[in-house]
Amino acid sequence: MSNMFDMKFEIVVIPVSDVDRAKRFYDGLGWRLDADFAADDGSFRVIQFTPPGSGCSVIFGKNVTAAAPGSAKGLYLIVSDIEAARKELLARGAEISEVFHDAGGVYAGTDEPYLFGRLRVSGRDPDHRSYRSFASFNDPDGNGWLLQEITARLPGRVDANATTFTSPTELASALRRAEMAHGEHEKRIGQRDEDWPNWYAEYMVSEQAGRRLPS
């Protein structure tokens with residue numbers, strides 16, 4: 001069978017009741033404004049924003065969707081440092097939850113049902129596992145966003161031959177994790193590792209690709 005054409009998921013439509021209010025909110029988060037188009041007769045308007053480092057954008061506006069305002073839920077924003085990302089959003093005026101993790105894989109409870117780990121436990125995942133730490137916030141209409149911390153992808157989730165960092169912050173976080181792991185590596189070998197640049201590089205590439213990490 002021949003290879004399929006690339007199908008790049010790039011747009012999510014979110015329903016809002018007040019277009020200008022929503023525009024102010026997402027602009028305040030520091031997201032990039034890509035478009036604000038309106039029909040001359042005022043019958044149609046579409047606004048597009050892109051979160052920092054994202055390959056996918058959101059659009060909203062007037063007569064863009066028939067969905068009820070605030071009905072978009074479980075919109076994931078992937079970050080490499082959940083605490084830093086939360087602080088940034090707080091500084092920008094977003095009302096965001098405390099960092100939380102799920103109750104040991106329990107998917108039942110009274111918290112928002114669209115969230116991973118419906119029964120929330122306060123604080124970051126105690127084992128600092130990738131995919132397990134969260135924070136959530138809503139836009140003015142109630143569309144629900146979820147920050148999820150991912151530091152190492154599961155195998156098969158990314159192109160193993162491609163390593164990319166979408167921002168200086170993400171790269172710095174990866175370097176800090178490599179530094180900590182390399183410190184443990186030097187303790188094991190009992191001496192300074194003169195070849196640390198290659199070790200760092202192998203660690204960072206393997207972490208992102210979901211491959212076994214160097215020891």
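This text walks through one helix, two residues with unusual backbone angles and one pocket. The model is a predicted one.

Start with helix α1, residues 19-28. Four of its residues are buried: Val-19, Ala-22, Phe-25 and Tyr-26. An α-helix has 3.6 residues a turn, so residues three or four places apart point the same way. The buried residues of α1 fit that pattern: viewed down the helix axis, they fall within an arc of 125°, so they line one face of the helix. What lies over that face? The cover of the buried residues includes the strands β3 (45-50) and β4 (57-62). It also includes β8 (133-138) and β9 (144-149).

Now look at the two ends of α1. At the start, Asp-18 makes a contact through its side chain. One of its side-chain oxygens comes to within 3.2 Å of the backbone nitrogen of Asp-20. After the helix comes Gly-30, with a positive phi near 90°.

Positive phi turns up in other residues too. Most residues other than glycine have a negative phi. Asn-63 is not a glycine, yet its phi is positive, about 60°. Asn-63 sits in the loop between β4 and β5 (75-79). The strand β4 is among those that cover the buried residues of α1. Tyr-131 also has a positive phi, near 75°, and is a residue other than glycine. Its loop runs between β7 (120-122) and β8. The strand β8, too, is part of the cover of α1.

Are these two residues buried or exposed? Asn-63 has 59% relative accessibility, and exposed means over 50%, so Asn-63 counts as exposed. Tyr-131 has a relative accessible area of 13%, and the limit for buried is under 20%, so Tyr-131 is buried.

Turn last to the second largest pocket. Its space is about 580 Å³. The lining is made of 23 residues. Closest to the centre are His-128, Ser-130, Thr-151, Arg-177 and Glu-207. Which elements give two or more residues to this lining? They are the helices α3 (168-189) and α4 (196-209). Of the elements, α3 gives the most, with five residues. What is the chemical make-up of the lining? It divides into 10 charged, eight nonpolar and five polar residues.

How values were computed: Residues are numbered from 1 along each chain as its sequence is written. This is a predicted model: local features need pLDDT of at least 70, side-chain atom pairs count only at pLDDT 80 or more; totals for chains, interfaces and linings use all residues. Side-chain values use heavy atoms; hydrogens and water are left out. On a 1 Å grid over the protein atoms alone, a cavity is a set of points where a 1.4 Å probe fits but cannot get out, and a pocket is an open set with protein on both sides within 12 Å along at least five of seven lines; lining residues have an atom within 4 Å of a point. Grid points are joined across faces, edges and corners, and a volume is the space filled by probe spheres set on the points. Ala, Val, Leu, Ile, Met, Phe, Trp, Tyr, Cys and Pro count as nonpolar, Asp, Glu, Lys and Arg as charged, and the others, Gly among them, as polar. Buried means under 20% relative accessible area, exposed over 50%, partly exposed in between (1.4 Å probe, protein chains only). The arc is that of the directions from the helix axis to the C-beta atoms. Contact means heavy atoms within 4.5 Å. A polar contact is a pair of N or O atoms within 3.5 Å; within protein, one must be able to donate a hydrogen and the other to accept it, and residues adjacent in sequence count only if both atoms are side-chain atoms.
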